[in-house]
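Reader: I have the sequence and the model open side by side and would like to go through some charged pairs and the packing. Could you take me through them?

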Amino acid sequence: MFTLSAPEREAVLVPELAALTERHRASCLPYRRILDAIGAAPPYERLAELPWLPVRLFKTHELRSVPEEQVFRVLTSSGTTGQRPSRIHLDREAAAAQTRMLAATIRAVLGERRLPMLVVDTRSVVRDPTLSARGAGVLGMMNFGRDHTFVLDEQGRVDAEAVKGFLARHGGERFLVFGFTFMVWLHLRGLGADLSQGVLIHSGGWKRLAEQAVDNAEFRRRLAAECGLSRVHNFYGMVEQIGTVFLEGPEGDGLYCPDFADVVIRDPETWQEAPAGVPGIIEVVSTLPTSYPGHVLLTEDLGVVRGVDDGSWPGKRFEVLGRLPRAEARGCSDTMGQG
């Protein structure tokens with residue numbers, strides 16, 4: 001799943017994504033209007049030449065490439081206060097593919113067997129009928145575990161007895177730990193428990209840690225020192241490219257792209273691809289969005305490529321530096337009212 005070098009990946013992805021672009025052009029009228037307005041047309045020879053959509057378009061417009069009667073599931077993003085959430089339309093084929101490819105990505109670090117699982121959250125988060133993004137994330141990861149044990153009780157306090165019982169049953173074998181980054185930082189370090197057999201997968205919540213001057217290196221160092229957790233994998237993903245996650249390598253040296261995806265870092269002034277080491281806006285590309293035109297998306301996150309084909313896994317390794325400071329990426333979205 002993390003096997004392709006940068007040149008191999010580009011050679012595989014460009015024709016697939018170019019074909020997807022034309023498929024969505026034919027099937028999604030608003031997308032066709034955007035491409036016509038910006039003059040986007042094949043051939044595309046590099047990933048950076050493919051036309052991108054600003055991710056926020058999915059908050060303001062219905063963009064789907066399948067008839068309404070074929071829509072199997074509509075996913076919504078959490079959306080910050082006052083913002084409309086994104087709405088992502090999946091048909092059965094796209095929903096099955098995103099589930100399958102997410103599983104293949106996660107298995108790269110967990111292996112094929114379901115592992116006993118500690119969830120750094122409260123069980124009530126998955127009982128919420130509206131299912132928050134946090135709850136959906138926990139529920140999705142629970143597919144990779146068994147004997148699910150929640151670290152927090154219904155009041156959000158650490159349930160030391162539950163953790164103790166879990167470790168008595170499973171502490172001598174490999175087990176999965178999952179939680180959102182800030183929750184992990186807040187609750188795991190004070191447990192006084194030996195989690196050295198655990199594999200931690202975590203995501204989100206860096207803003208609150210940054211306020212405490214805790215970066216990724218410090219996060220990893222303290223977890224290893226205080227509870228023995230040394231197998232740690234952060235990930236980056238979004239509902240607008242559901243099923244695609246960019247996973248931290250075993251050495252903590254950056255986020256890596258699965259074979260069906262990649263990133264382009266764009267200079268916010270010129271929109272050209274920024275070279276490695278130069279920060280810019282993260283564009284994410286993936287072959288998974290077949291039922292809506294979400295295959296080439298400009299995010300609202302800043303990032304930087306730290307290296308190419310020089311890390312634990314092949315391909316680009318990159319770092320997310322944070323959200324854009326109240327900036328709106330202008331470009332394709334300006335054409336939505338035209339045509």
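Author: Let us begin with E62, which counts as partly exposed at 44% relative accessibility (buried means under 20% relative accessible area, exposed over 50%, and partly exposed in between, with a 1.4 Å probe and protein chains only). This is a predicted model, in which local features need pLDDT of at least 70 and side-chain atom pairs count only at pLDDT 80 or more, while totals for chains, interfaces and linings use all residues. Residues are numbered from 1 along each chain as its sequence is written, and side-chain values use heavy atoms, with hydrogens and water left out.

Reader: Which residue forms a salt bridge with E62?

Author: R64 does, and the closest N and O atoms are 2.6 Å apart; a salt bridge here is a side-chain nitrogen of Lys or Arg within 4 Å of a carboxyl oxygen of Asp or Glu.

Reader: And how many salt bridges does a search of the whole structure find?

Author: The search finds 23. One of them joins the side chains of D259 and R9, at 4.0 Å from N to O, and this pair links distant parts of the chain, 250 residues apart, with R9 in helix α1 and D259 in the loop between β10 and β11. Helices (H or I, at least four residues) and strands (E, at least two) are DSSP runs, numbered from the N terminus.

Reader: Is D259 buried or exposed?

Author: D259 counts as buried at 16% relative accessibility, and R9 is buried too, with a relative accessible area of 1%.

Reader: Switching to the interior, which residues touch the most other members of the largest nonpolar core?

Author: Of its 51 residues, those are L47, L53, Y236, F246, V284 and F318; a nonpolar core is a set of buried Ala, Val, Leu, Ile, Met, Phe, Trp, Tyr and Cys residues joined through side-chain atoms within 4.5 Å. Helix α1 gives the most to this core, with five residues. A second, separate core of 49 residues includes I106, M142, F178 and W313.

Reader: I106 caught my eye; which helix has I106 among its buried residues?

Author: That is α4, where the buried residues also include M101 and L110. Helix α4 covers residues 92–110 and reaches 26 Å from its first C-alpha to its last, close to the 27 Å expected at 1.5 Å a residue, the expected span being 1.5 Å times one less than the number of residues.

Reader: What follows α4?

Author: G111 follows α4, and its phi is positive, near 85°.
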